[in-house]
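Work through the exercises below with the structure open beside you. Try each task before reading its solution.

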Amino acid sequence: MSLLEVDSINTFYGEAHALFDVSMHVEPHEVVALLGRNGAGKTTTFKTMMGVMAPKSGTIRFNGVSIHGLPPYKIARLGLQLVPEERRIIGGLTVEENIILAGLSVPKPWPPERVYEMFPRLGERRRSRGRELSGGEQQMLTIARALVREPQLILLDEPFEGLAPLIVQDILAICRRLAEEGRTIVIVEQNVEAALSLSKRCYILNNGHMVYEGTPAELRADPDFMHRHLGI
């Protein structure tokens, strides 16, 4: 049994059909990249997994349990955690307050000290308010808030977007450490090479249709296909 099973979901924005019979699966302890051009349906897929949007048909099972129709907070309590593209940290709270708040609704949250061991920069900024952080620091805090909840599966939505190359390397190193620790991750990222360097398998969405499933090596072996669907 896969940890996450998405079977033929169809999701709409009003009357607009956004996802067409999308299926994918994620096994425990693997990193999966979900790739595609802007507007391909990647974030919509994440939102559907998390219950922010409800598919009109199809099924989603997490740990063998149907999560179709559950509200996001119940899905999160089951162990599925989204790191959103918009970050959504609370700017008026300090780093440490953001971390503590994220763990209030789980039985055994990470203590702040464990967060600071993984993110030393956040330890240095623990008393700074969220709005005072750089973009890279905010992204670290967003990932840290998810980890505090000890999720079984982390959905990373564009973790490198808008960050300077040196900061991307820092965040990439954190993601690589999480992968090496056996964390289960699905990553959506426009930085295709970074995403492929982390992942064991990858999927490609094109205009709401799943058009590829395979390994990074298999994908790189077909540069014409990569160019056609990813523009690289």
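## Exercise 1: A residue in the core

Task: find which residues Leu 219 is in contact with, leaving aside its neighbours within four places in sequence.

Solution. Set the contact criterion: heavy atoms within 4.5 Å. Leaving aside neighbours within four places in sequence, Leu 219 then contacts Leu 35, Leu 196, Cys 202, Ile 204, Tyr 212, Phe 225, Met 226 and Leu 230. Next, place Leu 219 in its core. A nonpolar core is a set of buried Ala, Val, Leu, Ile, Met, Phe, Trp, Tyr and Cys residues joined through side-chain atoms within 4.5 Å. Buried means under 20% relative accessible area, exposed over 50%, and partly exposed in between, with a 1.4 Å probe and protein chains only. The largest such core has 45 residues; Leu 35, Val 115, Phe 119, Leu 122 and Leu 219 touch the most other members. Apart from it lies another core, of 26 residues, including Leu 4, Val 32, Ala 40 and Met 49. In soluble globular proteins, nonpolar side chains tend to be buried together.

A note on the source: this is a predicted model, in which local features need pLDDT of at least 70 and side-chain atom pairs count only at pLDDT 80 or more, while totals for chains, interfaces and linings use all residues. Residues are numbered from 1 along each chain as its sequence is written, and side-chain values use heavy atoms, with hydrogens and water left out.

## Exercise 2: The two sides of α10

Task: sort residues of helix α10 (residues 223-230) into buried and exposed.

Solution. Helices (H or I, at least four residues) and strands (E, at least two) are DSSP runs, numbered from the N terminus. Start with the buried set of α10: Phe 225, Met 226, His 229 and Leu 230. These cover an arc of only 100° around the axis, so they lie on the same side of α10. The arc is that of the directions from the helix axis to the C-beta atoms. An α-helix has 3.6 residues a turn, so residues three or four places apart point the same way. Now turn to the face away from the buried side: there α10 carries exposed Pro 223, Asp 224 and Arg 228. Then look for the cover. The buried residues of α10 are covered by elements including β3 (31-35), α8 (192-198), β9 (201-206), β10 (209-214) and α9 (216-220). Finally, step past the helix: Gly 231, just after α10, has a positive phi of about 75°.

## Exercise 3: Strand β3

Task: decide how many residues of β3 are buried, and which strands pair with it.

Solution. Count first: 5 of the 5 residues of β3 are buried. Split them by face. Val 31, Ala 33 and Leu 35 lie on one side, Val 32 and Leu 34 on the other. Both faces are covered. Then check pairing: two strands pair if DSSP finds at least two bridges between them. β3 runs parallel to β8 (residues 184-188), joined by 4 bridges. β3 also pairs with β9 in the parallel sense, over 4 bridges. Use Val 32 as a marker. Its bridge partner in β8 is Val 186, and in β9 Val 32 stands opposite Arg 201.

## Exercise 4: The open sheet

Task: give the strand order of the open sheet of 4 strands, then examine Ala 18 in β2.

Solution. The order is β2-β1-β4-β5, with antiparallel pairing. β2 and β5 (65-66) are at the edges with a single partner strand each, so one side of each has no neighbour in the sheet. β1 and β2 pair over 7 bridges in the antiparallel sense. One bridge partner of Tyr 13 in β2 is Ala 16. Now Ala 18: β2 spans residues 16-26 and includes this residue. Ala 18 is buried, at 16% relative accessible area. Not counting residues up to four places away in sequence, Ala 18 touches Thr 11, Phe 12, Tyr 13, Thr 44 and Gly 208. Gly 208 is 190 residues away along the chain, yet the two C-alpha atoms are separated by 5.5 Å.
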